[in-house]
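Biologist: Hey, can you walk me through this one? I'd like to start with a helix and work outwards.
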Amino acid sequence: MARSPKNKEVVIVQITCPHYRVPFFTGLRDNLAKHGVNLRLLYGDPYRYEVEFPAYYAEMPWAESFRPLFLPWTSATFEPIVWHPILHRVVRADLLIVEGTSRYLINYLLYAIHKFGGPRLAFWGHGWNHFLDDRDSWSERAKHWLGKRADWYFAYTSEVKQGLIERGYDEAKITDVQNAVASPPPGNFNAEKKAAIRKTWNIGPDDLVALYCSRMYSSKRLDLLISAAELVHRELPSFHLVLVGVGPAESLARAAAREHSYIHFTGPLFGERKHQLFAISRLFVMPGRVGLGIVDAFHHGVPPVATRYPYHSPEFAYMRHEENGLVSDDDVGSFAQSILRLATDDALHGKLVSGCKESAQAITMDEMIERFAHGVLAALDSRRTPKGAG
């Protein structure tokens with residue numbers, strides 16, 4: 001029996017649920033409920049299966065968890081192929097939204113079911129692999145083959161949307177969600193509180209702080225950051241680097257903090273403890289892959305410094321050199337010089353802080369939720385993609 005327009009069910013499937021996604025999923029659920037649409041979230045729960053760094057992930061009381069199955073023989077040469085044992089939970093939905101990747105076997109089965117009258121199918125994500133040079137690999141071809149045959153696509157940014165259009169996707173069936181993180185709550189960090197925070201980390205009242213706050217893996221290039229910090233500290237002895245995060249490359253951060261008194265490793269921090277470190281930081285440093293971390297920097301009014309690394313995530317498009325941040329050449333010396341420039345040039349720093357605040361007003365969680373909800377409603381109302389389209 002068909003559901004009425006005000007009794008639709010939408011299911012989003014995610015391999016995990018990082019902390020930063022909790023406000024989005026909660027807000028989207030509330031927004032869609034106002035339109036009579038029930039949102040269900042299915043996510044791989046890191047506390048029910050082994051992951052390397054479970055502290056990065058959240059639990060969602062209202063959502064449904066599952067245990068992804070990783071095919072072990074596929075992980076030796078590339079990212080593992082994954083099976084999501086969730087088919088029985090989603091086949092009665094009106095719209096399924098899954099991550100747009102060729103590694104998830106469930107995507108092919110969901111397409112087959114969709115083709116023969118099953119739920120409408122939508123993908124969301126980066127659009128293509130931004131971290132590889134080969135844009136014509138079998139995995140990319142498979143991804144686009146599926147993507148063009150879906151009923152909708154939720155693109156992370158406007159640049160991703162434009163790239164999909166250039167690859168032959170239907171522009172009318174793409175939503176630019178403007179990927180974002182939640183704004184921090186208003187913080188009353190007066191001079192006394194900032195001094196106390198600095199004392200906690202053995203940072204002097206007039207010392208300059210650069211903050212790294214992100215996951216720690218090889219493409220984040222902590223080695224380049226630590227080398228640049230050494231160069232900066234030689235020129236500016238009051239310089240301190242605070243490293244916040246967790247991941248496979250955190251051993252570099254731990255070792256650097258043991259070796260240098262001006263480098264501090266905190267491990268993963270969330271909420272108020274993270275906001276405290278932003279409050280005492282003059283700049284935000286990302287020498288490798290830039291992602292949503294720069295949106296966090298914008299919202300805290302802390303200008304980011306990045307490099308012209310060729311494998312950034314889509315959110316790098318939010319950066320505007322010398323407007324809301326600095327983008328250096330892709331080498332240690334140039335990155336260090338950009339840090340020094342922002343550390344010592346008060347006029348430039350003030351200009352970039354204003355640019356950060358301007359970007360923060362546009363790239364908000366509320367806007368992302370509204371865009372995504374609008375896309376969901378449009379996908380539910382749209383005509384199905386014809387068989388063989390694309």
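Modeller: Sure, and keep in mind that this is a predicted model. Let's begin with Asp331, which caps the N-terminal end of α11. One of the side-chain oxygens of Asp331 sits 3.2 Å from the backbone nitrogen of Gly333.

Biologist: How far apart are the end C-alpha atoms of α11?
Modeller: They're 18 Å apart. Helix α11 covers residues 332-344, so that's 13 residues, and at 1.5 Å a residue the expected span is 18 Å, which agrees.

Biologist: And which residues of α11 are buried?
Modeller: Phe335, Ala336, Ser338, Ile339, Leu340, Leu342 and Ala343. A handy bit of background: an α-helix has 3.6 residues a turn, so residues three or four places apart point the same way.

Biologist: Okay, new topic. In what order do the strands of the open sheet come?
Modeller: The order is β3-β2-β1-β6-β7-β8-β9, seven strands with parallel pairing. β3 (64-66) and β9 (174-176) are at the edges, and each has a single partner strand, so one side of each has no neighbour in the sheet. From one strand to the next, the twist averages 20°.

Biologist: Zoom in on one pair for me. How many bridges link β1 and β6?
Modeller: Four, in the parallel sense, between residues 8-14 of β1 and residues 95-99 of β6. As an example, Ile12 has Ile97 in β6 as its bridge partner.

Biologist: What lies across β6 and β7?
Modeller: That's helix α3, residues 105-115. Helix α3 runs at about 150° to β7 (120-125).

Biologist: Where is Asp151, and is it buried or exposed?
Modeller: Asp151 is in the loop between α4 (138-149) and β8 (152-155). Asp151 counts as buried because its relative accessibility is 0%, and the cut-off for buried is under 20%. The side chain of Asp151 also makes a polar contact of 2.7 Å with the side chain of His114.

Biologist: Last one: what about Ser214, buried or exposed?
Modeller: Buried, since Ser214 has 17% relative accessibility. You'll find Ser214 in the loop between β10 (208-213) and α7 (222-235).

Biologist: Which residues does Ser214 touch, leaving out those up to four places away in sequence?
Modeller: Ser214 touches Lys220, Val244, Gly245, Val246 and Met286. With Lys220 there's a side-chain to side-chain polar contact of 3.1 Å. Val246 is 32 residues from Ser214 along the chain, yet their C-alpha atoms are separated by 7.6 Å.

Methods:
Residues are numbered from 1 along each chain as its sequence is written. This is a predicted model: local features need pLDDT of at least 70, side-chain atom pairs count only at pLDDT 80 or more; totals for chains, interfaces and linings use all residues. Side-chain values use heavy atoms; hydrogens and water are left out. Helices (H or I, at least four residues) and strands (E, at least two) are DSSP runs, numbered from the N terminus. Buried means under 20% relative accessible area, exposed over 50%, partly exposed in between (1.4 Å probe, protein chains only). A polar contact is a pair of N or O atoms within 3.5 Å; within protein, one must be able to donate a hydrogen and the other to accept it, and residues adjacent in sequence count only if both atoms are side-chain atoms. Two strands pair if DSSP finds at least two bridges between them. Axes are lines fitted to C-alpha atoms, for helices over the stretch in contact, and angles run from 0 to 180 degrees between N-to-C directions. Contact means heavy atoms within 4.5 Å. The expected span of a helix is 1.5 Å times one less than its number of residues.
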